[in-house]
Structures are given as structure tokens and as C-alpha cells.
Amino acid sequence: MLTPDWQKDVINESCVLRLQAVYQRPEYESSLKVNDVSFALNAGEVLTVQVDPSTRTRSFASLVQGIINPDAGDLLFLKQRWSGSDYERHFFLRSLIGRVFEGQAWIESLNVDENVTLAARHHGRSIEDIKVSVQDWLDRLGLERLINRRPAFVAPAILQVHQWIRAFLSQPKLVILERPMQFLSENWFGKLLKSIEWIASRGTAVLWLDSRPNLDQVDWRIPYHHVVAQDGRFEIASEVNGGSDE
Amino acid sequence: MHASRSRFYGLRLIKRIRLSRLPEAIGRAIVSRCKAVVSILSLLWASFSLASRPSSWTEPVRRVMSRQLLFTGVDGTWAALRFGAAVGVLLIVQAALWVDAIGMTTEMVAPMLWRAIVRELAPLLACLVVIGRSGIAISTELATMRVDGELDVLDAQGIDPMTSLVMPRVTSMVFSVFCLALIATTAMVITGYAGGRAAGVIRVSFFAFLDQMVSHFNTLDLLFFLPKTLLAGAFAAAICCLDGLSVKATITDVPRVSSIAGTRALSAVFVISAILSVLIYGRILIFEVI
């Protein structure tokens, strides 16, 4: 089967995510407001978005993934719009995005290990290749093996770390992290930062939505932007384009 | 006096409004039924076109399909056998009554049994087993997944819920209805013979009885059996999936939606069965229609 031109184009696209004057009516009262938001996120960059502790980030993350359409403005992922009814293209593009969800994140009828590898298996990666990648991440995060029980019987903290593995597993073009430290002790923060720097150094763009107070004080060694979400607008608080070492 | 007159005019007004709205209500009902049929046909078209693509059958989809086949088809075998056996006995009791009343012979009982089983009862029974055991479970599962946001989780990972959830469930339900109808047919024939032998209605050996039945097998039997199992199974599956996915975002809607899905699927099976009988026989009761 021939690869469509758009599929070839997205592989080498450096601008991963671009929002232009995006407006989205909030799904719930507590949803993150999006009013005239514009930003661009390139490969290998991190964008941290400081949100209010009472704000839910799920609908904004779904907006970025094209699951919800914006009411106004333009949203491009790897120069591709989410509009249209060519769902195969949409699903292919979404397969290039890893995500740590806030709230429900699991298919309850599958074990956690099946959940973690589900997308990779569905998108045609070989079982051996997946096993190698999983072992890499287990080693990096200091875990022994993936849990093979239903998510309902696993502690939230353990599930959260498994969400990281799932999000990072297939070396995605974009990772969306919604409160990735939820349920976890501070001991894990260093491992999370190292993981993010590792995948970003390999060309993954990272969009991190969180209400942690010290998010702007992270000493990144990669290009990063920090914005504060206020009344639907994203105000730039700090940014380093060449990494803090330079 | 004044009050009674105004009440009289009020009632007349209400009646007039109700009458004037009657065509509108009928129109709405017809449009909504047509929309429902179109939705069912669209879902079936999407499911079967996805099923015909080899790229849809990824390892997780094959796993969902095999689990669903195990639950719907294999686990439903005992139910189909039980129900089939019971209906086989009921049929032979009726046949015994006719034997006593008008002196029928085995040669006359066998084709009657065969036609009743293959053309009407076995497909209907298989659909009842599948809807009761799996159809309602599928609509409950999909509704719960939707309410919990699990469909979004799939969608966000680039996994099409239509390919990974709906298509394997629809295809496995259709396949299961067909297989369970065959099993129910076998059970009915065996218990029909055993019951008939015990009641003295059938006096020939099992193989002779089977031979008499099979000798009456013709293409019209296939014409009944295949569409009644495949079409009715497909409609039942599509209705259960559609109703499950149509739930609004509250968990309290799930039981209501599941029971509605079960009722609608059963209604569809009976309606399809009746329509196919009319189309194939070309008559309703004694009246020629085609």
C-alpha cells in the first residue's frame, strides 16, 4: 500500500503543535478555559502550562488531540488539521501522541499491562519490539515488571507510573501530560523530569498541564516555555530556547 | 353554568389541538423509525466493510473478537442445547396430539417437525439466547465504557472504537447466532425423536427418522435459515451496540438503556423473522401477498 503524501510530510515536520486564536466553550464549569490562545510547540521542546488547582485539563487535552473541535481558531498538529471526516488520518495522527490522562485513563476490562501495550500492538509494532521498549522504561523508572491485574485492583500511584510508560512507550511526536504527578510522592518528580528530558532530546514535544506551584522553577536542560493559564489566556511567564546550560 | 360551558369549550379546544397534532406525531414517529433503521444499516455497513479489510484485524481486535465469540458462541452452547431440547419435546407433544386426533404417521410428522425447526424455531431461539446472554451485556458494557470515558481513552491513543469495539462484537454475534441455530436444530431433532419414541408417535429407528427429515431438505430451507440467522443476528447486534453507545454521560442511564436495547433487539428479531416469512412464502396467514 502506498503511503499518502501527508503521512510522509508529518514524519519530518519540526513544528509539532500550533494553536492560532483558538477559542473553546468550556465543557464543564471547571474545564480549562481557552480563549484566543495561540502558541507553537516545536520538536524537542517542553511547554508547561500552570493551571488553577480546581481546573480540569481533560477537555483541553482532548481539544489538542482533535477529539473535541475548537469553536473558533485554528489547531494544527504536524501541520495537519483535525477537521474533515477522513478518520483514518485522524487515528494515525493520534497514534503519534502519548498522553497521561487526568481522571479515567484505563480500559477496565483489560489488565494494566495489556492497557499499557494496547496502542503499540494495535498500531502494528511487533511484540518483541514492544517488550524491549517496556523493559527500557521499567529500568529507567526502577520498576520490576508491568502489573498484570485489572486497573480497579491496582493502587492509583502505581497506575500513574504505568500511565507514564504508556505515554512514552512508542517515542511519540507529542506527549500531553495532565497532572502527571497526581497520586505520586515527590520522590518520583526527578524520574519524571529525567524521562521528559530523555524523550524530548529524541525529538518529542511535551505539553505539560499542571497546578504544581514550582513548575516554573524546574531547571530544564532542554528548550522550554512556561505559561500561566488565566481567564482563558495563556500568559508567557518564562522561556529558554536553547536550554538552561546555554 | 358559565364554568361548565367554559370547561366544555376547553375540552373541545384540547381535543382539537390533540387531533391537529396527531398527523405531526405520526410523522415524527415514522421519521424517527426511519432514522433508527438508517443508523442500524449504517453501523452494519461500517462493521462489515471494516471486517472485510485485513488491516482492521490487529492483534487486540482479534483478541476482542475471540473473547466475544467465547462468551457469545461457546458459552451460549449449553443454553441453546437446553432451550432446543425443551422446544423439541414441546413440538413432539403437539405432534402426538395430531397423531391421536387424525392418525398421522411418522412420514407426515418428520417433515412438519423439520420445517418448523429449521425455518422458524431454531433461528428465533438462537437469537433469543444471544440477545439474552450477550446483547444486553454488550449494550451495558459499551454504555458503561462511554460514561466512564473509556471510549475517549481509546480514541486518544489512535484506536478507532468502531474497529476495536463494535465491529468484532457485531461479527461475533452474527456468527454465534448462526452456529447456535445449528446447535439448537440438532438438539430439537434429537429430543424430538427421543420424546416421540417414548410417546409412541415415532416408531422408526433414529437414522430412518433422520433420513426422512433430511430427504425433505430443500433450498427453501436454506433460504429461511441463512437470512433468519444472519440478518436477525446482525440487526440485534447493531441495535445493542447503537443503544449502548447512545447513552448520555450518567451511570444511572446505563440500566435503562440496556433494558431498552434488549427489548428493541427482540422486537427487531421478531419483525425481521415475520418480514422474511412473508417475503419467502409470499403470503400472510392464508392471504397471498406476493
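In which helix of chain B is B:T186 found?

## B:T186 and its surroundings

In this predicted model, B:T186 is found in helix α6 of chain B, an element that covers residues 161-199. The residue is classed as partly exposed because 17 other C-beta atoms lie within 10 Å, a count that falls between the limits of 12 or fewer for an exposed residue and 20 or more for a buried one.

A second residue of chain B, B:S66, gives a point of reference for the position of B:T186: the two are 120 residues apart along the chain, and their C-alpha atoms are separated by 24 Å.

## The sheet of chain A

Chain A contains an open sheet of four strands, which follow one another in the order β2-β1-β4-β5 with antiparallel pairing. The edges of this sheet are formed by β2, residues 34-42, and by β5, each of which pairs on one side only.

Strand β1 of chain A, residues 15-24, is joined to β2(A) by six bridges, the two strands running antiparallel, and within this pairing A:Q24 stands opposite A:V34 of β2(A). Strand β1(A) is also joined, through five bridges and again in the antiparallel sense, to strand β4 of chain A, which spans residues 72-77; here A:L19 has A:L75 of β4(A) as its bridge partner.

## The β4-β5 hairpin

Strand β4(A) pairs in turn with β5 of chain A, residues 80-81, in an antiparallel arrangement that rests on two bridges, and A:F77 finds its bridge partner in A:Q80 of β5(A). The two strands make up a hairpin with two residues between them, and in the turn A:L78 has a positive phi of about 50 degrees.

## The contact between the chains

How many residues does each chain bring to the contact? Chain A provides 22 residues and chain B provides 16. On the side of chain B that touches chain A, the elements that give two or more residues are α2, residues 59-74, and α5, residues 150-156, both of chain B. Of these, α5(B) supplies the largest share of that side, namely six residues.

Sorted by class, the side of chain B that touches chain A consists of six charged, five polar and five nonpolar residues. The description given here rests on residue contacts, with 16 residues taken from chain B and 22 from chain A, whereas the size of an interface is often given as the accessible area lost when the parts come together.

Note on methods
Residues numbered from 1 in each chain as written. Chains lettered and ligands numbered in written order. Predicted model: local features only at pLDDT ≥ 70, side-chain atom pairs only at ≥ 80, totals over all residues. Pairing = 2+ DSSP bridges. Contact = placed C-beta atoms within 7 Å. Nonpolar A, V, L, I, M, F, W, Y, C, P; charged D, E, K, R; others polar.
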